[in-house]
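Work through the exercises below with the model open in front of you. Try each task before reading its solution.

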Amino acid sequence: MAKLRVGIIGLGNMGSSHARNFTAGLIPEAELTAVCDIEPIRREWAKENLASTVEIFDNAEDFFAKAPVDAVVVATPHYFHPVYVQEAFKHGKHALTEKPAGVYTKAVREMNAAADEAAKKGLVFGIMFNQRTNPVYQKARELIASGELGEIKRSVWIITNWYRSQSYYNSGGWRATWAGEGGGVLLNQDPHQLDLWQWISGMPTKVHAFMQFGKGRDIEVENDVTAYVEYENGATGLFVTSTHEAPGTNRLEISGDRGRLIIENGKLTFDRLRIPESEFNALSANSDKNFGHPECWHCEIPTQPAPNGHVEVMKNWVSAILHGTELLAPGQEGIRGLTISNAMHLSAWTGETIDTANMDEDLFYELLQKRIKESTFVKKNVKLNKNASI
């Protein structure tokens, strides 16, 4: 069978990384046949590092119209993800987008509608949620879905190990600006965690968030967030994130009726109650032991080492195109984590608690545009290089 011909638009850190993976033969059923970037320095990198058979384009219009590709990987700045995914569909190409799915749900909803129509023509849409390949998150999701943890009571994720110095923010003129990126830590670093959070614990129904913008950094977007959420069953949750703390923490803790799951330092532990807490509490009503506690077993859950998630998602997407394999990360699911992110922003901007099922997408877009229009922020000391991080 002939290999799938893949093109990449956007050759920043992630785009160039994907290009290297194709060049190294890590996605055996596909080959890189074209790339596109508007920056001359990145096209020069492509010329120096990719096979001479890879066609190089300097604009999106020519790329989509002329590139010899069957499928497109979108690795551009965030605002262009929905734009170029839909452009790929218009030209009959399969698509995979980098995270996040977009900056605001209104645009992503339009992209998803286009993806649904494209699917009727056999086109496949994926998103680079590479953390879904990590066995610790897969096992946690499995334990919850199977009922092993019981009904969820609380879900807390502290993810403050996204340390980014000022030099990082200076590596691209679009970075950490409302006009160029549309947000900060929630849009750049946390799409993976927000996706995993809802993938494992479910979608929250209400969100109330507090943010600080440019804390300790010369940027205009959020880099410190604390958000409280509620779930349909009455469970609560907390999401804490930043890019300025050192050392940082990455700890996911989910409490249920049958115990507690903890993911930290690449390990999954399960503090399992011998009987459910609700059952223990009911039995205690007839007991004189006022300070009793359910018996708890500390279990270290064995999991396999995490694979190269980017490669695994890419291989899965290619296999879905060629063989009909089920997608691990369907592109349409990108709207879920983005909904949480948008709700956090909207809550911080308005001071209101946001209902995620009825979030005012028009108001979010209006307030985002206001920030773009009224911004007086000027980027200083921008230092673009061949591998400026996406």
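A helix here is a DSSP run of H or I with at least four residues, numbered from the N terminus. With that numbering, α9 is followed by Gly202, whose phi is positive, near 95°. Keep in mind that this is a predicted model.

**Exercise 1. Decide how enclosed helix α9 (residues 191–201) is.**

Step 1. Set the cut-off: buried means under 20% relative accessible area.

Step 2. List the residues that pass. They are Pro191, His192, Gln193, Leu194, Asp195, Leu196, Trp197, Gln198, Trp199, Ile200 and Ser201.

Step 3. Conclude. Eleven of the eleven residues are buried, so α9 is largely enclosed by the rest of the structure.

**Exercise 2. Describe helix α12: its span, its cover and what comes just after it.**

Step 1. Take the span. α12 covers residues 334–350, which is 17 residues. From first C-alpha to last it reaches 24 Å, close to the 24 Å expected at 1.5 Å a residue.

Step 2. Check the cover. Of the 17 residues in α12, 14 are buried, and the helix is mostly covered.

Step 3. Look past the end. Gly351, just after α12, has a positive phi of about 80°.

**Exercise 3. Classify the packing of helices α1 and α11.**

Step 1. Recall what to look for. Two packed helices are described by the angle between their axes and the distance between the axes.

Step 2. Read the values. α1 (residues 13–23) packs on α11 (residues 309–323) at about 70°, and their axes are 11 Å apart.

Step 3. Apply the cut-off. Angles of 65 to 115 degrees count as roughly perpendicular. α1 and α11 are therefore roughly perpendicular to each other. Their crossing is right-handed.

Step 4. Find the contact. α1 supplies Met14, His18, Asn21 and Phe22, while α11 supplies His310, Val311 and Met314. Sorted by type, the contact residues of α1 and α11 are four nonpolar, three polar and no charged.

**Exercise 4. Do the same for helices α4 and α5.**

Step 1. Read the values. α4 (residues 80–90) and α5 (residues 105–119) pack at about 15°, with axes 9 Å apart.

Step 2. Classify. That angle makes α4 roughly parallel to α5, as angles under 35 degrees count as roughly parallel. The crossing of α4 and α5 is left-handed.

Step 3. Find the contact. From α4 come His81, Pro82, Val85, Gln86 and Phe89. From α5 come Ala107, Val108, Glu110, Met111, Ala114, Ala115 and Ala118.

Step 4. Sort the residues. The contact of α4 with α5 has nine nonpolar, two polar and one charged.

Terms used. Residues are numbered from 1 along each chain as its sequence is written. This is a predicted model: local features need pLDDT of at least 70, side-chain atom pairs count only at pLDDT 80 or more; totals for chains, interfaces and linings use all residues. Side-chain values use heavy atoms; hydrogens and water are left out. Helices (H or I, at least four residues) and strands (E, at least two) are DSSP runs, numbered from the N terminus. The expected span of a helix is 1.5 Å times one less than its number of residues. Buried means under 20% relative accessible area, exposed over 50%, partly exposed in between (1.4 Å probe, protein chains only). Axes are lines fitted to C-alpha atoms, for helices over the stretch in contact, and angles run from 0 to 180 degrees between N-to-C directions. Angles under 35 degrees count as roughly parallel, over 145 as roughly antiparallel, 65 to 115 as roughly perpendicular and the rest as oblique. A crossing is left-handed if the near helix is turned anticlockwise from the far one by less than a right angle, and right-handed if clockwise. Contact means heavy atoms within 4.5 Å. Ala, Val, Leu, Ile, Met, Phe, Trp, Tyr, Cys and Pro count as nonpolar, Asp, Glu, Lys and Arg as charged, and the others, Gly among them, as polar.
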